[in-house]
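Me: I am new to this structure and would like to know the grounds for each label put on it. Please set each value against its cut-off.

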Amino acid sequence: MLTVEPLGYACGARIAGADLSKPLSDHDLGVIKAAWTKHLVLVFPKQQITPVDLVAFSRHFGELEDYASQPFNRHPDINEVMVLTNKRTNGKASPTYNAGQNWHTDLSYTIRPAKGTTLYCLERPSVGGDTMFANMYLAYETLSPKMQAFVDGLEGIHDASLIQGLEKRGPEIAAEYKRLNPPVIHPAVRLHPESGRKALYVNERVRQFVGLSEAESKPLIRFLCDHSVASRFVYRHYWSVKDVVMWDNRCLTHLAVGDYDPNESRHMIRTSGKGDYVGRRVETERPQNAARPAASAEIAAGIAALRD
Ligand code: SIN
């Protein structure tokens with residue numbers, strides 16, 4: 001029998017009694033789905049699973065990403081599995097050695113951001129290397145009504161070049177990452193299709209708001225990012241080897257804390273669910289009947305200039 005034990009007030013619950021290497025009954029799947037909607041981050045300890053099992057489990061929550069937008073460290077045989085590791089291969093640094101080290105929500109720099117992510121810990125450093133999750137429902141709900149009304153009408157430009165440490169992965173990887181992922185536009189507030197709650201959708205990979213200048217956008221982005229990751233909105237996961245952790249990217253931001261000895265291994269495999277929502281590229285005009293203003297050519301030009 002499955003049990004659900006909350007781990008934090010903001011988010012997080014431990015599911016005991018699940019064996020993710022085996023097919024799940026409809027009943028257990030229902031318990032897990034309900035717990036995911038309520039707790040946003042689920043931890044399944046002591047799982048002995050293969051990459052194929054991880055894919056099979058993740059598919060219960062929808063179609064999976066093939067990581068075509070970041071094909072740098074996929075599993076050699078399974079495109080749906082990304083290897084997040086600091087282990088070197090033939091003396092070369094892994095292209096994912098410093099992944100996720102600023103507050104973000106997975107694949108928000110693509111037009112179809114990931115719905116959920118499932119991460120399996122195979123090796124962890126002796127200290128550090130935690131993952132922090134911030135509840136973006138609470139971040140939105142604790143804004144003043146006037147600020148809520150303002151951000152409700154905003155759209156953010158998400159830019160892969162703001163991934164922390166991207167340039168350190170090497171000039172070819174950084175250039176290819178940016179080529180595959182030109183800036184995209186998403187609403188600053190998203191309505192979660194299952195909970196019906198609004199969540200702030202602004203994080204450290206947002207460069208600017210559509211229709212606001214860069215000077216106007218920057219302090220607001222900084223305020224919203226700082227506000228959303230206040231300690232009262234955060235659950236910090238201390239990893240044990242063989243933990244599977246799944247989270248909802250539609251209502252959380254997260255951060256991989258880089259506070260560990262780089263000579264010790266941190267080795268994880270990950271799947272991400274294809275998003276249930278599609279944004280648009282900066283250059284793309286909105287349909288004629290859309291309510292919000294289109295991103296201007298000046299913004300696209302501004303971003304290009306910033307990158308030069
Ligand atoms: C991620 O950002 O998806 C990975 C988080 C982690 O490695 O802790």
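Reply: Start with Phe 133, in a model that is predicted. Phe 133 has 0% relative accessibility and therefore counts as buried, the cut-off being under 20%.

Me: What makes Trp 247 buried?

Reply: The relative accessible area of Trp 247 is 2%. Buried means under 20%, so Trp 247 is buried.

Me: Why is the pair of Phe 133 and Trp 247 called tilted?

Reply: The structure holds seven aromatic pairs. In the pair of Phe 133 and Trp 247, the ring centres are 5.1 Å apart and the planes stand at 55 degrees. Centres within 6.5 Å make a pair, and planes under 30 degrees apart would be stacked, over 60 edge-to-face. An angle of 55 degrees fits neither, so the pair is tilted.

Me: Why is this pair said to tie parts together?

Reply: Phe 133 belongs to strand 6 (residues 131-135) and Trp 247 to strand 13, so the pair ties together parts 114 residues apart in sequence. Ring pairs also link Trp 36, Phe 44, Phe 57 and Phe 61 into a cluster.

Me: How do you know that strand 6 and strand 12 pair?

Reply: Four bridges join strand 6 to strand 12, and the two run antiparallel. Pairing needs at least two bridges, so these strands pair. Thr 131 stands opposite His 237 in strand 12. Strand 12 (residues 234-237) has Tyr 235 and His 237 on its covered face, with Val 234 and Arg 236 on the uncovered one. In a regular strand the side chains alternate between the two faces of the sheet.

Me: What makes strand 5 and strand 13 a pair?

Reply: Strand 5 (residues 116-123) and strand 13 (residues 244-248) are joined by five bridges and run antiparallel. At least two bridges are required, so they pair. The bridge partner of Gly 116 is Asp 248 in strand 13.

Me: Which sheet holds strand 5 and strand 13, and what makes a strand an edge strand?

Reply: The sheet is open and has seven strands in the order 1-2-3-13-5-15-4, with mixed pairing. Its edge strands are strand 1 (3-6) and strand 4 (82-85), each pairing on one side only. The twist averages 25 degrees from one strand to the next.

Me: How do you know that the buried residues of helix 1 share a side?

Reply: Leu 29, Ile 32, Ala 35, Trp 36 and His 39 are buried in helix 1. These residues cover an arc of only 130 degrees around the axis, which puts them on the same side of helix 1. Asp 26, His 27 and Lys 38 are exposed on the other side. The buried residues pack against strand 1, strand 2, strand 3, helix 2, strand 5 and strand 13.

Me: Why is the span of helix 6 said to agree with what is expected?

Reply: Helix 6 (residues 214-228) has 15 residues, which should span 21 Å at 1.5 Å a residue. Its end C-alpha atoms are 21 Å apart, so the two values agree.

Me: What puts the buried residues of helix 6 on the same side?

Reply: The buried residues of helix 6 are Ser 217, Leu 220, Ile 221, Leu 224, Cys 225, His 227 and Ser 228. Their arc around the axis is only 160 degrees, which puts them on the same side of helix 6. Their cover includes strand 6, helix 3 (136-141) and helix 4 (145-152).

Methods. Residues are numbered from 1 along each chain as its sequence is written. This is a predicted model: local features need pLDDT of at least 70, side-chain atom pairs count only at pLDDT 80 or more; totals for chains, interfaces and linings use all residues. Side-chain values use heavy atoms; hydrogens and water are left out. Axes are lines fitted to C-alpha atoms, for helices over the stretch in contact, and angles run from 0 to 180 degrees between N-to-C directions. Buried means under 20% relative accessible area, exposed over 50%, partly exposed in between (1.4 Å probe, protein chains only). The arc is that of the directions from the helix axis to the C-beta atoms. Contact means heavy atoms within 4.5 Å. Rings of Phe, Tyr and Trp (its six-membered ring) pair if their centres lie within 6.5 Å; planes under 30 degrees apart count as stacked, over 60 as edge-to-face and the rest as tilted. The expected span of a helix is 1.5 Å times one less than its number of residues.
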